[in-house]
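Here is a friendly walk through one protein model, written for someone who likes to keep the structure open while reading. Have a look at it first, and then we can go through some of its helices, rings and contacts together.

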Amino acid sequence: MSDSGDKALKGGKNRTSLVKNAVFNTFYRLMDILFPLISAGYVARMLTPEGVGRYAASANNVSYFVLLGSLGIQAYAIRETARRRDDKIARDRLFSEMLVINAILTLTAIVIFAVCMVFAELFSTEKTLYFICGFAIVANFINVDWYFQGTEDFKFIALRSFIVKVIGLIAVIVFVHSPEDLYRYAVISVFSGIVYHLFNIVHAGSSVKFSFKDIDLKPHVRPLVFLALCSVSTELYARMDMTMLGIMDQDSSVAYYSYAQRSIGLIITAAIAVTAVFLPRLSYYYSNDNKKFNKLTKFGADLMIFISLPMCIGIVSIASPFITLWLGAGYEEAVPCLIVLAFMIPLKCIGDLVCYQVMMCAGKEFYLMIAYVITMAVNCVNNLILIPKYGAFGASAASLMSEIIVFVIVFAASRKYQDYKLDFKNIVVVLISSVIMFIAVEGFERLFESTAVRLFGGIAVGAAVFLLINVICGNKVIKEAFKGIKNL
């Protein structure tokens, strides 16, 4: 380790920067929950389940081409940028190489999308929607989110997100008032993403330089191929549910599943916001300080257990009033979907750190690829069996089964690259307090008829009961969190 790198990662300064990153990233992810929840609840009433289902199906299918345009780049570039953070020349070269690879892939995606628009029957029924959503593929030319995560510039990410989301929400409220405004909503959604990328590319110009000089794409090909297959497999099994629902069931089923999946996805994204900032630091530690690597990984695992288990149980307890208040009448069938998908929260939150991030740091993309391909195949078979009989609920069950499989496979492989023991006392405390929390929320909800009181009161009661029990039992995660906050 270089002297400069050692100083940058030493003692309290290191903890403080990591805590600040976590705070900014958590704020960013909370915005990802709050604004979509507000806009989605509003849009659900304005567009009706059919309109929501039409947009969700189109946006979902276009996302495959966006995925093609960014195959494996995000995760790989974050890791490699973090490894080069002390060498500006190497970092500039990597930035240039990633942009060139991204441009080649994006151009390929645009060509294939154009061919599908002309010849594919699936696209012909909603050509206007697909055309609008297709601009998300074009915007991928300037997608450099990975650079700011790799350099740990989470303050910019959070502020950019807040500004764009406020503008997008105002636009939705001003321009979307009826089912006939479906295309307006699509335009607002797509161009909000484009504005994100424009902010990124302008800000990147102040700290990194693009040049074709001395670039070499060959060293990136092999790891990117593995990560590309990982990304394809992961995204396919995450998105194929809606695609298969759209083909095998009604648009309303797509809407029910889409909203349930979006809700859980937003919660997971917010939950892992704290440990998502660990990847650049873990990548550095893995190559330079194994002891710090294991210590940070253990803390992250303990933290995710503490956060994700009560979130899972909490969502199960408030699913009905949440859907009723958020989406209104006509979306009751989303409730069982939400309950089933809630059990993905601990799997994804814990797995993101101790499975995915660890394997990425170890450079074992190949193992990730194998696990995700297996999971995708299982998910496809389960969808074929469950969707015709159970519709949106069947798609939810298929997703949960797939997540269990990928967690077990990758966790077993990742244990070779991390060495720590979890505190089982804290795990037991979290489990017991989560169960007591569930009982308390259920009891509270039975006392009131008001949906709003049941929802917000239930959340307050559940959070208070859970935290009180953990404080009394002296949960070490809470103590560590307070230490980190004091260093801010």
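Let us begin where helix 14 passes helix 17, in a right-handed crossing. Please keep in mind throughout that this is a predicted model. Helix 14 covers residues 278–288 and helix 17 covers residues 344–361; their axes are 9 Å apart and the packing angle is about 50°. An angle of that size lies outside the ranges for roughly parallel, antiparallel or perpendicular, so helix 14 is oblique to helix 17.

Which residues of the two helices meet? On the side of helix 14 they are Phe278, Leu279, Leu282, Ser283 and Tyr286, and on the side of helix 17 they are Leu353, Gln357, Met360 and Cys361. The spacing of such residues is easier to read with one rule in mind: an α-helix has 3.6 residues a turn, so residues three or four places apart point the same way.

Helix 14 is largely enclosed by the rest of the structure, because 8 of its 11 residues are buried. The buried set is Phe278, Leu279, Pro280, Arg281, Leu282, Ser283, Tyr284 and Tyr285. Helix 3, residues 73–83, is mostly covered, with 9 of its 11 residues buried. Among the buried residues of helix 3 are Ile73, Tyr76 and Ile78, and also the charged-type names Arg79 and Glu80.

**Aromatic rings**

How many aromatic pairs does a search of the whole structure find? The count is 21. One of them joins Phe65 and Phe123 edge-to-face. This pair bridges distant parts of the chain, since Phe65 belongs to helix 2 (residues 11–69) and Phe123 to helix 5 (residues 121–124), 58 residues apart. Both partners are hidden: Phe65 is buried at 10% relative accessible area, and Phe123 is buried at 6%.

Phe131 and Phe135 give another edge-to-face pair. Here Phe131 is exposed, with 52% relative accessibility, while Phe135 is partly exposed at 32%. The geometry of the two pairs is set out below.

| Pair | Centre to centre | Angle between planes |
|---|---|---|
| Phe65 and Phe123 | 6.1 Å | 80° |
| Phe131 and Phe135 | 5.4 Å | 85° |

Why do both pairs count as edge-to-face? Planes over 60 degrees apart fall in that class, so 80° for Phe65 and Phe123 qualifies, and so does 85° for Phe131 and Phe135.

Elsewhere, Phe95, Trp146, Tyr147, Phe148 and Phe156 come together as one aromatic cluster. A ring can also have a charge for company: the charged end of Arg415 sits over the ring of Tyr420, 4.8 Å from the ring centre.

**Two buried residues**

Ser396 is part of helix 19, residues 392–414. Is Ser396 buried or exposed? Its relative accessible area is 0%, so Ser396 is buried. Leaving aside residues up to four places away in sequence, Ser396 touches Tyr257, Cys337, Val340 and Leu341.

Asp423 lies in the loop between helix 19 and helix 20 (424–445). With 18% relative accessible area, Asp423 counts as buried, because the cut-off is under 20%. With the same exclusion of residues up to four places away in sequence, Asp423 touches Lys298, Asp302 and Lys476. Thr375 is 48 residues from Asp423 along the chain, and the C-alpha atoms of Asp423 and Thr375 are separated by 30 Å.

Technical notes: Residues are numbered from 1 along each chain as its sequence is written. This is a predicted model: local features need pLDDT of at least 70, side-chain atom pairs count only at pLDDT 80 or more; totals for chains, interfaces and linings use all residues. Side-chain values use heavy atoms; hydrogens and water are left out. Rings of Phe, Tyr and Trp (its six-membered ring) pair if their centres lie within 6.5 Å; planes under 30 degrees apart count as stacked, over 60 as edge-to-face and the rest as tilted. Helices (H or I, at least four residues) and strands (E, at least two) are DSSP runs, numbered from the N terminus. Buried means under 20% relative accessible area, exposed over 50%, partly exposed in between (1.4 Å probe, protein chains only). A charge sits over a ring if NZ of Lys or CZ of Arg is within 6 Å of the ring centre and within 35 degrees of the ring normal. Axes are lines fitted to C-alpha atoms, for helices over the stretch in contact, and angles run from 0 to 180 degrees between N-to-C directions. Angles under 35 degrees count as roughly parallel, over 145 as roughly antiparallel, 65 to 115 as roughly perpendicular and the rest as oblique. A crossing is left-handed if the near helix is turned anticlockwise from the far one by less than a right angle, and right-handed if clockwise. Contact means heavy atoms within 4.5 Å.
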